[in-house]
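Trainee: I would like to learn how to read a multi-chain model. Could you walk me through one?

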Amino acid sequence: MTRRADLLEAIAAHAVVILAVCFSLYPILWVVSLAFSGSTSLEPQVLPIPIEPTLEPMREVVGATRIEPDGSEIWLFGRQLLNSVVVSIATAVVGISVAIPTAYAFARFEFVGRREGMRLLLATQMFPAVASAVPLFMILEALELLNTRTGLVLCYASTSVPFAVFQLRSAFEAIPIDLEEAAMVDGATRFEAFVRVVLPVARPAIAVTFLFAFMTAYNEFILAATLLDDERAFTLPVVLQRFIGEYDARWDLFAAGAIVVSLPVMLLFYQVQRHMVAGLGAGGVKG
Amino acid sequence: MVSVQAKQLIKRFGETTVLAGVDLDIPDGEFAVLVGPSGCGKSTLLRLLAGLERVSAGTIQFGDRDVTTLEPRERDIAMVFQSYALYPHMSVRKNLEFGLRLRKTDAATMTARVEEVAKMLDISHLLERLPRALSGGQRQRVAMGRAIVRRPALFLFDEPLSNLDPALRAQVRVEIRKLHDQLGVTSVYVTHDQVEAMTLADVLFVLDGGEVQQRGRPIDIYREPANCFVAKFLGSPAMNLSPVELRRESPDQRWFAGQFPVATPTAFAGLETGRRVVAGVRPHDLVLASEGAGDLELDVEVVETLGPELTVHGTLRTQAGPGQAYVAVLPAEHRVTRGDTLALKLEHLHLFDADTKRTLRC
Amino acid sequence: MLRGVRAGLAGVVALLAVLLTSAIAHAERPVRLWHAYRGAEQQALEEIIASFDGEVELLAVPYDAFASKLESTVPLGKGPHVYIDAHERLGDFAERGIVAAVPFELEPGAYASKAVAAVTIDGQLLAVPLSQKCLALYINTDLSTSAPATLEQIAALAPSLPSGSFALAYEARGAYAHAAVLAAFGGALLDVETDDFGFEGPAAARSLELVASLISTGVVPEDADGALVTNLFAAGQAATAISGPWLAADLGDAVPYRVTLLPTIDATGERMRPLLTVEAVMLSPRGAADPDAVRLVQHLTSPAAAQIRARVARSVSARADLPVSEDPVLAAFAAQAELAEPTPSTAAMRAVWEPANRAIRKFLRGDVSADAALAEARRRFDDVRRPPPPPAEPTPVLILLGSLSLFGAGLLVHRARTRDGLAAIRRSLPAYRYVALGVIAVGVLVILPILFGAGAAFFAGKPHDMYYVGLANFREILTARGAPLLSSGSFYVVLAVTVLWTVVNVAFHLGIGVALGLVLSRPVMRLRGLYRVLLIVPWAVPSYVTALAWRGMFHRQFGAITGLIHAINNLLGTNIEPIAWFARFSTAFAANVATNVWLGFPFMMVVTLGALAAVPKDVLEAAEVDGASRWQRLSRVTLPIIAPSMIPAVTLGAIWTFNMFNVVFLVSGGDPDGTTDILVSEAYRWAFTREAQYGYAAAYAVLIFLLLLVTSRVTDRLMNRGKA
């Protein structure tokens, strides 16, 4: 009976998953089709197949250049892609560097204000950004960080910290405390034990948290559009927004840009996805 | 190599007191075992010695060095954890080297020492493996190796054998003792297993309720337990304990504790009629007597055959009818079956005060 | 190895530092010019700048971010010297001090008088007109050989056209285009005399009924947005179109066409008159003080520049002293501009759009009579324009706050001074070293803005001129501003929608996520890694992109879902009508939910996979031995075991969904009638589209925060009690 049942189960399971994959890919294929279409159909289509396939929108987006005042030509899109990547990596590095020790303290130390701190972090997730955006600009101005990418990175990094702390705290809690104690008995200071034993062991969780922080920055455009005032400093989401104007929008360019924007993240996801299960799974995201 | 002295150690976690004034003195080079049921505070005590917890009060001295407030790394100790706590991201070699590396040992010495220890523990072929590729026994050896390679002044063991299967456990137990004899380093070993306690210890500390119940050579403690707890805790099967009253018909007659005759009244202090005491008899101290000549009568319920011995579980008969459950260990050549009534003679009696539970032996 | 990692890390940090600082160091010297032009217009601008004698730093800003970027920089003495924007915003910019008066006089007669009037407020010239944009009539000369002069003649083309084609394509559901129809009936969106809502009365009602009849007779497509108008006309599926110059730029030579004046309407004999937008060059206060910047303005508005713009971008100059263009399209737009009416730039006008748009859509859906739709628009307008609450006396609150903080400080000091407190704090010191960075970062850049933002809830007025009003904002919100408490758009109704939104979404996220997690972790699954990657793709693509893709799929006429329905009809011979997704609350809500479920299920799936990995196998085997069926093993063993590690993710997911503003805004946009708005999008509207009532929006934010806080604490308690 089992072989038969197993076969049935296998078929059913694969059917469910393939259906879900269709559901998850369908809208994205529309974006892809739009990006490679030379014209638009005025009949509703079921299958996202490009009409009059063309690479023109892709070429236009990716090939964007700019003439510098000194006459030299720079590859603007490349520059902006680099910006996005750099800003996002910087965000992730800064955010994680801040979140790691904080999360470690929440996981391992008893201290006055521990419970309150954790609650406060959760509470920060509850306040809509609509009302805190304007004060944020005022603070950045006071810190003379307005219009700088450093300011942008600091903002992203700070906003990514609470979630990163939730993540990492549960990851650290899942690491047996024996390991640190063994290291301390072996002659390490608490900090050495943390750096040389806890961090390497928590690497999967750190990778996943890195990805999240990276994405916070990589997909954000409201702050970026408001804060950056040099075309060469723009990040890609800002560039994408440029394709939507007051009266009309270049959806083909928007879609082409969206695909290029998504590629690095997909790559990261692919790299990190194995860890993701372990990383998120290690006790889940404990609140 | 150091001696260990702890004075009046108190450890509180919030409201709960885990150690209520513990004194330890372990002579240089001896193997000390802390034994007790779970929750008795033995692990906490070990962690205080390691410096992984801070004392609430009291002092700890290694040799003539006061280490009470020192960090673990400043105490020159090594510890083997119950979980082994091998660093999962390092190979066995890296695990062994870790402590030396932190002490900035030069590479040549490091390699030499690691090879030496690996040979000693027969793990040379495992050096390049990661911990997750090792069996339980191999991990245990690596954990030991990591402690030994450092050549510390004091070894701490936190139930290092509890994750091994019984056969391996017995084997490693012997090896640990051998290693100790070979290295001569003072060791403190925590266990709840009385076989480990009895076999390994030069000096044994029995803990319960956050206090040392008794300290001494294992055999002395076995022979003369200081109180009911120790009496019951050490020895297998456990000592039979019966709450009874002392009596004697007249000053020139024998003392009885309930129905148990007191053979050597001079060994005890404070015998007086009507005093409430606890009479303890080890199952091994009961021998079969001819009918009518015994001190006790046991209605047999279950007989367990363990090769050379029989463990007989039954109910003690008293004047008032069947009484408490009792256990006797008899040589295997006796034929005992369920439903028999055995006449037993006792060879050794322990007496404890019913209130303080302390021994009456003087 | 570790040393290598550390060196690598140091390298990365150094690289980042270099890259981050490199491009920021630009000289202050060049004149900075901001614009939102794209394509040919941007090209024209660049060409004009190239001939300017001086250094100019151009910045093309996304249109959506333009105003907020100016607001966040110019008042601080930063940002551009010169910028190009539509005249409609001048009123707002003037109030905020973002724009300065032009420090020179315009040559008399050099500019179209309407354009000059549009950029003059209270007798002050605030900008120099650049170009004019308005709607005009495009005629496909293949489909309409004659030149239709009236709307009725255009409508008469309909029967001769193939099916799927329209006689007239224009954005019938938008107030911007409707204003032209309205003008033919003698109405206007805003009564300029009284600066009051003008979209009411018989003229408004008749204009609406006319449009409704055009749609019902198939003359005009009902669901057209700008892109669709372009596509229809470019594909030769519309005989005529009402659109602006941007259509010409997109058309190329796809179809033969010409541009002419908007038609007259037989009912009144009047010509349709579009709204006129004057694109103008504006100076920030520091730009007005900079001679180079002023020179740049003159350069940009010179006749030579106008010719470049006409040649490159085909834009209609606002100058009156240029010869009539030889380009027929340009000439036609120039002629139309002369007949157009500049959009008023007052705050009242900005408050007109949302109510007017909603009224038009609501009426065209056939939900209500024209009068009812217009009356509701009037109410909405009045609601937004209601007088701000009076200032309140801050003293009692200050005293209360002061004494509270004194009391708190006293309590802290008292606790710290007891021996236990001090000892506890001393023991905490090592931990504080670890959290210090986090506290500073989150404190300054997350918590401080939240505190300030929450504080704004007690204020009213313009962003740079706020005054204390006590609890007035909260009072107004909680009393639905005098309207019935359960009227549409009231706090309670929106809250109910938000709660429904959250519950439904989280339920689907959890249901799909857990189900897929369970299926994926079955031992029979093959290619698990591949499926896992494919299933988390929705998470990896930016949500603003995919939300828009979903919106497109829900388009009634051309969306993929409609295509699917057609396919089903063809296949099964059924006769299912395409669904107008955003016409009804239930379907619009469902569209939003579908999008958000799609965005959110991968997270839950991954969390589930993680939690499942921690389920001990022997427990399941024990259950199997005990005779539990598959379903029982799942419901009695697996789910209860993974539940605890899922709860935190669910909590966070619920909070995020509660505040998930993107999807609602981009997919349904609140349609129909704002009923699918949730609390956050409501707050957003008050902050950014309804006269920047930040205090009011902040009060919404505080209420949202309190709701979430209380809910999470209560569920926490309940759950802990369940455990105990």
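Trainee: Which residues of chain B does the UniProt annotation "domain: ABC transporter" cover?

Mentor: Happy to help! Keep in mind that this is a predicted model. An annotation is best read as a label on a span. Here the label comes from an unreviewed UniProt entry, and it covers residues 4–234 of chain B. The C-alpha atoms at the two ends of that span are 24 Å apart, and its make-up is 37% helix and 26% strand.

Trainee: Which pair of chains has the most contacts?

Mentor: Start by asking who touches whom, counting heavy atoms within 4.5 Å as contact. Of the 2 pairs of chains that touch, chains A and C have the most contacts. Chains B and C do not touch, with 10 Å between their nearest C-alpha atoms.

Trainee: At what angle do helix 8 of chain A and helix 2 of chain B pack?

Mentor: For a helix pair, look at angle, distance and handedness together. Helix 8 (residues 190–201) of chain A packs against helix 2 (residues 92–102) of chain B at about 150°, and their axes are 13 Å apart. This crossing is right-handed.

Trainee: Which residues meet there?

Mentor: From chain A come A:Glu192, A:Arg196 and A:Val197, and they meet B:Phe98, B:Arg101 and B:Leu102 of chain B. Sorted by class, this helix contact has 3 nonpolar and 3 charged residues, with no polar ones.

Trainee: How is chain C divided into domains?

Mentor: Check whether a domain is written as one segment or several. In chain C, domain 1 is 23–131 + 278–338, domain 2 is 136–273 + 351–385, and domain 3 is 493–679. The C-alpha centres of domain 1 and domain 3 of chain C are 47 Å apart.

Methods
Residues numbered from 1 in each chain as written. Chains lettered and ligands numbered in written order. Predicted model: local features only at pLDDT ≥ 70, side-chain atom pairs only at ≥ 80, totals over all residues. Heavy atoms only, no water. Axes fitted to C-alpha atoms, helices over the stretch in contact; angles between N-to-C directions. Helix = DSSP H or I, 4+ residues; strand = E, 2+ residues; numbered from the N terminus. Left-handed = near helix turned anticlockwise from the far one by under 90°. Nonpolar A, V, L, I, M, F, W, Y, C, P; charged D, E, K, R; others polar. Domains from an automatic or database assignment. UniProt positions renumbered as here; feature names shortened; annotations may be inferred.
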